[in-house]
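Here is a walk through one model, written for someone who likes the cut-offs spelled out. Have the coordinates open as you read.

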Amino acid sequence: MVALLANTKAGKGKSVSICNQIIARLREDRILFEEHRNEWPVDLKPYTDVFLIGGDGTLNYFINRYPEVRIPVSVFRGGSGNDFVWKLLGQRSFAECYDIAIHGEAKPIDAGRCNGRYFINGVGIGFDGKVVRSMGQKKIISAGHIAYYITVLKEILFYREPIVHFKNGPEEETKKVFMISIANGSRYGGGFMVAPQAVLNDGLLDLVYIDEIGLWGRLKYLPVVEKGKHLQLSFIHWRRLKKIIISSPVLLPAHLDGEFMESTEFDIEILPARFLFRTDT
């Protein structure tokens with residue numbers, strides 16, 4: 001018994017088309033389902049599986065609405081970036097994703113928690129938080145990788161690095177930082193490979209942060225970060241951890257799976273094997 005959950009606003013209507021394709025296949029295969037577009041059920045107790053149609057924002061909404069869900073979830077790319085689905089399923093076709101949803105193995109996938117809210121792909125603090133805020137203000141958040149890239153280029157000229165304090169157990173450090181990513185998945189913004197070595201089920205988060213950097217360096221290394229070739233650069237730091245507290249004397253822009261937030265402190269931890277997702281890998 002499948003709960004078919006769709007966000008019709010995702011992907012400029014793309015999710016509606018995908019939802020209709022799934023309904024046709026489920027009927028053809030005589031699989032019981034109930035369709036919910038935008039207004040989702042209070043709980044998921046009547047169901048054995050969830051088919052979720054939307055992007056990273058839809059997935060973030062789902063895991064925070066149903067944080068205790070233990071039935072398998074299958075995700076269909078219906079958003080603009082779809083970064084988590086890319087990490088989970090790669091570039092598989094709709095037919096392949098449907099087959100995985102029906103026959104794939106349900107595997108435990110890690111999640112994270114930041115200031116009490118769950119995330120599945122990652123948290124970005126500093127510059128990329130500023131980019132997400134700018135995109136939201138301009139009403140182009142659904143426009144995908146091209147809009148994200150254009151906004152990055154505009155914001156990169158004037159962004160000023162704040163002073164940030166890191167606390168990871170007994171280790172503490174204070175410095176000016178351009179951008180911080182605490183990642184479960186590998187990429188943001190529909191294609192920026194910020195944390196290329198991240199693994200969805202290793203029980204760890206990948207911390208990647210960039211030191212204070214001049215304008216020329218920002219422009220020079222932006223394509224390098226996009227391709228995920230940046231981890232060995234001297235001004236970029238990468239390590240894996242289970243918990244970290246990041247704070248600043250000023251309000252920091254941030255995003256949680258692409259959803260804008262801001263705070264002066266971010267208390268972040270890994271939640272190993274928190275949700276079940278159907279996959280073939």
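Asn115 sits in the loop between strand S5 (105–114) and strand S6 (117–119). Helices (H or I, at least four residues) and strands (E, at least two) are DSSP runs, numbered from the N terminus. The model is a predicted one, where local features need pLDDT of at least 70 and side-chain atom pairs count only at pLDDT 80 or more, while totals for chains, interfaces and linings use all residues. Residues are numbered from 1 along each chain as its sequence is written, and side-chain values use heavy atoms, with hydrogens and water left out.

Back to that loop. Phi of Asn115 is near 50°, a positive value in a residue other than glycine. Ala273, placed in strand S13, also has a positive phi, about 50°, although it is not a glycine. A third positive phi belongs to a glycine: Gly228, just after H7, comes in at about 75°.

How accessible are these places? Buried means under 20% relative accessible area, exposed over 50%, and partly exposed in between (1.4 Å probe, protein chains only). The table puts some residues side by side.

| Residue | Relative accessible area | Class |
|---|---|---|
| Asn115 | 38% | partly exposed |
| Ala273 | 48% | partly exposed |
| Gln197 | 41% | partly exposed |
| Arg274 | 16% | buried |
| Cys114 | 1% | buried |

Gln197 belongs to the loop between S9 and strand S10 (205–211). Its C-alpha is separated by 9.7 Å from that of Asn184, 13 residues apart along the chain. Arg274 is found in strand S13 (residues 259–279). Arg274 and Gly79 are 195 residues apart in sequence, and 23 Å apart in space, C-alpha to C-alpha.

Now for the helices. Helix H1 (residues 14–28) has 15 residues, which should span 21 Å at 1.5 Å a residue; its end C-alpha atoms are 22 Å apart, so the two agree. The expected span here is 1.5 Å times one less than the number of residues. Which residues of H1 are buried? They are Ser15, Ile18, Cys19, Ile22, Ile23 and Leu26. These residues cover an arc of only 145° around the axis, so they are on the same side of H1. The arc is that of the directions from the helix axis to the C-beta atoms. On the other side of H1, Arg27 and Glu28 are exposed. An α-helix has 3.6 residues a turn, so residues three or four places apart point the same way.

Cys19 is worth a second look. A search of the whole structure for disulfides (pairs of cysteine sulfur atoms within 2.5 Å) finds zero. Cys19 is in no disulfide, and the nearest cysteine sulfur, that of Cys97, is 15 Å away. With 1% relative accessibility, Cys19 counts as buried.

Helix H7 (residues 215–226) has 12 residues and reaches 17 Å from its first C-alpha to its last, close to the 16 Å expected at 1.5 Å a residue. Its buried residues are Gly217, Arg218, Leu222, Val225 and Glu226. They cover an arc of only 140° around the axis, which puts them on the same side of H7.

H7 comes up again in the cavities. On a 1 Å grid over the protein atoms alone, a cavity is a set of points where a 1.4 Å probe fits but cannot get out, and lining residues have an atom within 4 Å of a point. Grid points are joined across faces, edges and corners, and a volume is the space filled by probe spheres set on the points. The structure holds two cavities of 30 Å³ or more, and the largest has a volume of about 210 Å³. Of the 18 residues that line the largest cavity, the closest to its centre are Phe178, Met179, Ile210, Leu222 and Val225. Helix H5 (127–137), helix H6 (145–155), strand S9 (171–183) and H7 are the elements that give two or more residues to that lining. Which element provides the largest share of the lining of the largest cavity? That is H7, with five residues.

Last, the rings. Rings of Phe, Tyr and Trp (its six-membered ring) pair if their centres lie within 6.5 Å; planes under 30 degrees apart count as stacked, over 60 as edge-to-face and the rest as tilted. The whole structure yields 13 aromatic pairs. One of them joins Phe62 and Tyr66, a tilted pair at 5.3 Å centre to centre with 55° between the planes. Phe62 is buried at 0% relative accessibility, and Tyr66 is buried at 6%. Ring pairs link Trp40, Tyr61, Phe62 and Tyr66 into a cluster.

Definitions and conventions. 1 Å grid on protein atoms, 1.4 Å probe; cavity = no way out; pocket = protein on both sides within 12 Å on 5 of 7 lines; lining within 4 Å.
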